[in-house]
Amino acid sequence: MNSALFHSVSVAIAMTIAVGLSGCSETSEGAKVSGQVKLDGNPLPLGVILFEDSDSGVGGSAIVENGTFAIPTSLPTGKYAVALQPPPPPAPHEPASSRPSVKLPRHLTLPTTSGLEADLTPGENALDFEVASK
């Protein structure tokens, strides 16, 4: 076998093995997070939910509308502290009166004081949070 052909075949075999091995590597599936938030037994009309892993500094957030939320990106699995915050201010083109007024207790607005937690596992995580205004 001439050396150019031998080199080409060797490179092709090496690339095939490398591609095959890369497909066998173990990957950890992220956590997809969605759920419901109730305040005093009623769906939270509008707000923000925050997830924070204080060990890694990783987190995520989503808008809560009519009691439901879904974080748009997957989060790493693990334990998270959860907080609820009032809705963001209206956009410049949006009248302030179009937003419902939501009063949340101060302790719920920080992950360190809310007392809310979530243990996220690989795949879908459907979470329900029920909180009281007092």
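Visitor: Which residue of β4 stands opposite G47?
Guide: Start with the strands in this predicted model. β3 and β4 run antiparallel, and seven bridges join them. Opposite G47, in β4, stands V64.

Visitor: Which residue takes a positive phi in the hairpin of β3 and β4?
Guide: Follow the chain from one strand to the other: six residues lie between them. Within this hairpin, a phi near 80 degrees is found at G57.

Visitor: In β6, which residue is the bridge partner of I49?
Guide: β3 also pairs with β6. These two strands run antiparallel, with five bridges between them. Across in β6, I49 has as its bridge partner L84.

Visitor: How many of the seven residues of β3 are buried?
Guide: β3 has β4 as one antiparallel partner and β6 as another. The rest of the structure largely encloses β3. That follows because, of its seven residues, the number buried is five.

Visitor: What pattern does the chain follow when read along the sequence?
Guide: Count the elements of the chain. There are one helix and eight strands. Put in sequence order, they read α-β-β-β-β-β-β-β-β.

Visitor: What share of the 134 residues of the chain count as buried?
Guide: A residue is buried when its relative accessible area is under 20%. Apply that cut-off along the chain's 134 residues. The share that counts as buried is 30%.

Visitor: Which element gives the most to the largest nonpolar core?
Guide: This core has 24 residues, and V33, V37, I49, F51, F69, L120 and F129 have the most contacts inside it. β1, β3, β4, β6, β7 and β8 each give it two or more residues. The biggest contribution is four residues, and it comes from β1.

Visitor: In which direction do nonpolar side chains tend to go in soluble globular proteins: buried together or not?
Guide: Take the core just described as the local case. Its residue count is 24. As a general tendency in soluble globular proteins, nonpolar side chains are buried together.

Visitor: Which phenylalanine does F69 touch besides F51?
Guide: Leave out residues up to four places away in sequence. F69 then touches V33, S34, G35, Q36 and V37, as well as I49 and F51. It also touches A62, I63, V64 and L127. The remaining name on its list is F129.

Visitor: How many aromatic pairs does a search of the whole structure find?
Guide: Rings pair if their centres lie within 6.5 Å. With that cut-off, the search of the whole structure gives a count of three.

Visitor: Are the rings of F51 and Y80 stacked or edge-to-face?
Guide: Their centres are 6.5 Å apart. Planes over 60 degrees apart count as edge-to-face. These planes are at 70 degrees, so the pair is edge-to-face.

Visitor: How many residues apart in sequence are the parts that F51 and Y80 tie together?
Guide: F51 lies in strand β3, while Y80 lies in strand β6. The pair therefore ties together parts whose separation in sequence, in residues, is 29.

Visitor: Is F51 buried or exposed?
Guide: The limit for a buried residue is under 20%. F51 has a relative accessible area of 2%. F51 is therefore buried.

Visitor: What is the angle between the planes of F51 and F129?
Guide: F51 and F129 form an aromatic pair, with 6.3 Å from centre to centre. The pair is edge-to-face, and the angle between its planes is 65 degrees.

Visitor: In which strand is F129?
Guide: F51 is in strand β3, and its partner is 78 residues away. This pair links distant parts of the chain, and F129 is in strand β8.

Visitor: Which residue forms a salt bridge with K79?
Guide: The whole structure holds one salt bridge. Its closest N and O atoms are 4.0 Å apart. The partner of K79 is D119.

Visitor: Is K79 buried or exposed?
Guide: Exposed means over 50% relative accessible area. K79 has 62% relative accessibility, so it counts as exposed.

Visitor: The side chain of N125 reaches the backbone oxygen of which residue?
Guide: N125 sits in strand β8. At 6% relative accessibility, N125 counts as buried. Among its contacts beyond four places in sequence are V33, D119 and L120. At 2.7 Å, its side chain reaches the backbone oxygen of T121.

Terms used:
Residues are numbered from 1 along each chain as its sequence is written. Side-chain values use heavy atoms; hydrogens and water are left out. A nonpolar core is a set of buried Ala, Val, Leu, Ile, Met, Phe, Trp, Tyr and Cys residues joined through side-chain atoms within 4.5 Å. Buried means under 20% relative accessible area, exposed over 50%, partly exposed in between (1.4 Å probe, protein chains only). Contact means heavy atoms within 4.5 Å. Two strands pair if DSSP finds at least two bridges between them. Rings of Phe, Tyr and Trp (its six-membered ring) pair if their centres lie within 6.5 Å; planes under 30 degrees apart count as stacked, over 60 as edge-to-face and the rest as tilted. A salt bridge is a side-chain nitrogen of Lys or Arg within 4 Å of a carboxyl oxygen of Asp or Glu. A polar contact is a pair of N or O atoms within 3.5 Å; within protein, one must be able to donate a hydrogen and the other to accept it, and residues adjacent in sequence count only if both atoms are side-chain atoms.
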